[in-house]
Amino acid sequence: MKHDLIVSTENVSVQTKRKINWGRLAPYIFISPWIIGFLLFTLGPLLFSLFISFFDWPIVGEKTFVGFSNYATMFTDDPLFWHSLWVTVKFAMLFVPLNIIISLFLAILLNKKLKASSLFRTFFYVPSVISGVALAMIWGWVYNGEYGILNYFLSLAGIEGPDWLNNQRWALLAMVIASLWGQGTMMLIFLAGLKNIPKDLYEAAEIDGAGKVYCFFKITLPLLTPTLLFNLITTIISAFQQLTLALVLTGGGPLGSTYFYAMYVYENAFKYFKMGYSSANAWIMFLIVLFLTMLVFKSSSVWVYYENEVKNSK
Amino acid sequence: MKSKRLIRSGTLYIVLVFLSLLFLAPFFWMVTTALKSPDELYMFPPKWFPSSWQFENFGKAWNSQPFNTFLMNSVIVTFLTTLGQIVSSTLIAYGFARFKFKGRDFLFMVLLATMMIPWEVTMIPQYMEFNYFGWINTLKPLIVPAWFGAPFYIFLLRQFIMSIPKELDEAARMDGANSFQIYYRIHLPLMWPIIVLIGVFNFLSSWNDYLGPLIFLNDQSKYTLTLGLAQFNGMYDVNMEGIMAVTFLISLPPLILFFFAQKYIVNGVSSTGFK
């Protein structure tokens, strides 16, 4: 074999014209930007991040190999790790179900036959268009304890509102509400899922005398489970990556009540310049997200309903 | 029967109007704040409409910092990333959708899997990489990666290309067209609705991006609008009306774009991949 190879390379000038089969290479040429980008900006950095996580690596100065000690420190000797993780979990436990329920509710309302539904759809989607820092600025003003409109509305109901962002008990909830405001995309995805449910199913159920609630739980919800699965996974991932809002609005305060895990990773890297330690933090986050996603996927065989499954079993 | 239906759609309208007010109130509050004079800002109960409209607030706030420079940087980044995403993602999607080749399905699985990697994991090595290239404090780290395609856009485009009849390709090939010509002359024109969709998505994410500029840019002359706005927040000599005025101005381009492209966004989301 080796010998053949050498011979053929000697004749390269004669043979290439015939040998290079452009038809075979074409697909690789088309996808090559992705392959290069993947190696350069995803796989390379991913592996390098794992590598750095075993070092004590300040941005300037010598790096030293420390084995698993970054990981050990995190779990045993760093209260901020547990604290930020707990803040993120609390956020996710509020944000994920509320986000799913609210966007599903809005989608169901918009799926009703109404002349103005496209207008309402626009209203609900508008906040998603301007998300990020602008969203943080607007909510910072809405939450203002003395002059904000949120407390004004609460005062109409006779409630004296807190100074939301400066109150340890309420700041995280404030983050949840502001995040929910910019989630119109999920509503659109649910709406698309609802539109794909065949109308004749409802007609048939109605003839059988089924009520609205029965239809929702026996037709709408089961047929929507694949969409639900998609939305559930993307919401969980986005909940764990929550950062911009806290970075701009509270800086993690008051008293660390909005100190998200992503902020912990960010600050270890770019505030304290502990590159090795921060990489270890990031890997733990990756593993948590991966674990949760797998869990949802695995459980989905129990609760997600696929049309073709039923067809096959019939 | 008829009156019952009327009541039902009536309550539905009331609920929808109420919810719309809930969604739009913060927005409305931003706009009117931007137009108030300082003495009307801090009132409780709040004043919904300013007694005199202070349009000069916009100019004053805009000029209190080099927002023209920030705008220029944002425009450059947004334009070049959007162009890059469209060129690269359409080529890559065409490659995945129209050819059978060794490792295709595996590579496509890998592509989809990369959507799950949190950005935090690759953030530090990317920073080091760009530092090594000498790109820190330039706009390159924000622009260059966009020219290598994004998994989500590639996925959407691939789904779309797979719905284009193969007979079109075969007919073109009979006429002597090569693969690139088929992509360029046949598929690209058909892909327009999805190209508009990813153009809009990319415009929004690039225009609204905060973390990228925050990490890769240090020098004020390189700042993008979001970074300028966030910095504005921390300064004590500016008032709420100024902050809200700039917030409004920065939100305007995405809003205008959304207004014209909403048909594509809504149809795009409902027609591609989420069935």
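User: Which side chain meets Arg104(B) in a salt bridge?
Analyst: In this predicted model, the partner of Arg104(B) is Asp105(B), at 3.2 Å, N to O. A salt bridge here is a side-chain nitrogen of Lys or Arg within 4 Å of a carboxyl oxygen of Asp or Glu.

User: Buried or exposed, what is Asp105(B)?
Analyst: Asp105(B) is exposed, with a relative accessible area of 52%, whereas Arg104(B) is partly exposed at 22%. Buried means under 20% relative accessible area, exposed over 50%, and partly exposed in between (1.4 Å probe, protein chains only).

User: How many salt bridges are there over all chains?
Analyst: The search of the whole structure finds four. Among them, Lys47(B) meets Glu40(B) at 2.9 Å, N to O, and Glu267(A) meets Lys271(A) at 3.6 Å, N to O.

User: What is the accessibility of Glu40(B) and its partner?
Analyst: Glu40(B) is buried, with a relative accessible area of 5%, while Lys47(B) is partly exposed at 28%. In the chain A pair, Glu267(A) counts as buried at 10% and Lys271(A) as partly exposed at 49%.

User: How many salt bridges cross the interface of chain B and chain A?
Analyst: The rule finds zero across that interface. Eight residue pairs are in polar contact between chain B and chain A, both residues at pLDDT 80 or more. A polar contact is a pair of N or O atoms within 3.5 Å; within protein, one must be able to donate a hydrogen and the other to accept it, and residues adjacent in sequence count only if both atoms are side-chain atoms.

User: Which residue types make up the chain B side?
Analyst: The side of chain B that touches chain A divides into 66 nonpolar, 15 polar and five charged residues. Nonpolar covers Ala, Val, Leu, Ile, Met, Phe, Trp, Tyr, Cys and Pro; charged covers Asp, Glu, Lys and Arg; the others, Gly among them, are polar.

User: How many residues are in contact there?
Analyst: 86 residues of chain B are in contact with 84 residues of chain A, where contact means heavy atoms within 4.5 Å.

User: Now chain A alone: what share of its residues is buried?
Analyst: Of its 314 residues, 49% count as buried. The C-alpha atoms of chain A fill a box of roughly 85 × 60 × 35 Å, taken along the principal axes.

User: What conventions apply?
Analyst: Residues are numbered from 1 along each chain as its sequence is written, and chains are lettered from A and ligands numbered from 1 in the order in which they are written. Local features need pLDDT of at least 70, side-chain atom pairs count only at pLDDT 80 or more, and totals for chains, interfaces and linings use all residues, while side-chain values use heavy atoms, with hydrogens and water left out.
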